[in-house]
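I opened my notebook to look up two things: how the strands pair, and what lines the pocket. Here is the structure I worked from.

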Amino acid sequence: MKKIIVTTTSEIPGKSIKEIIGVVKGNTVRSRNIGVDIGAGLKNIIGGEIKSYTEMVSKARDEAYNRIVNNAIELGADAIISMRFMTSTVMTGASEMLAYGTAVKLK
């Protein structure tokens, strides 16, 4: 599998951008689990980290990241610049994790 550079910056030190390919994205939609919600509700009373939600968000972020990288590879990119994550609610109990950035070719 081809490896590409992914950065949140708009430049890559020591590299020049030869061509901007365009916007690339990767997303996933995840829903909550009623069992997890009950535990989270109890945790909300006493405070602290809700580890099951942390794990769910981390997995969603990893999936969105893998998808943006695959999208860039399919387009022949060498790197993704200005990469960002964004979340949004799709419906009650379900959220989208979106990774997006600009695919580029390097000199």
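Entry 1, the pocket lining. I sorted the residues that line the largest pocket by type, and they divide into six nonpolar, seven polar and three charged. I kept in mind that this is a predicted model.

Entry 2, pocket volume. I looked up the space in the largest pocket and found about 230 Å³. The lining has 16 residues. Of these, Arg30, Met56, Val57, Ala94 and Ser95 are the closest to the pocket's centre.

Entry 3, who contributes. Which elements give two or more residues to the lining of the largest pocket? I noted S2, helix H2 (51–74), S3 and S4. S4 gives the largest share of that lining, with four residues.

Entry 4, S2 and S4. I turned to the strands next. Strand S2 covers residues 17–31, and strand S4 covers residues 94–106. The two run antiparallel and are joined by 13 bridges. I picked out one position here: Gly26 stands opposite Ala99 in S4.

Entry 5, S3 and S4. How many bridges pair strand S3 with S4? I found ten, again in the antiparallel sense. Strand S3 spans residues 79–91. I also noted Ser88, which stands opposite Glu96 in S4.

Entry 6, the turn. I followed the chain from S3 to S4 and found a hairpin, with two residues between the strands. Gly93 sits in that turn and has a positive phi of about 85°.

Entry 7, looking back. S4 came up in both searches. It pairs with S2 and with S3, and it gives four residues to the lining of the largest pocket.

How values were computed: Residues numbered from 1 in each chain as written. Predicted model: local features only at pLDDT ≥ 70, side-chain atom pairs only at ≥ 80, totals over all residues. Heavy atoms only, no water. Pairing = 2+ DSSP bridges. 1 Å grid on protein atoms, 1.4 Å probe; cavity = no way out; pocket = protein on both sides within 12 Å on 5 of 7 lines; lining within 4 Å. Points joined across faces, edges and corners; volume = space filled by probe spheres on them. Nonpolar A, V, L, I, M, F, W, Y, C, P; charged D, E, K, R; others polar.
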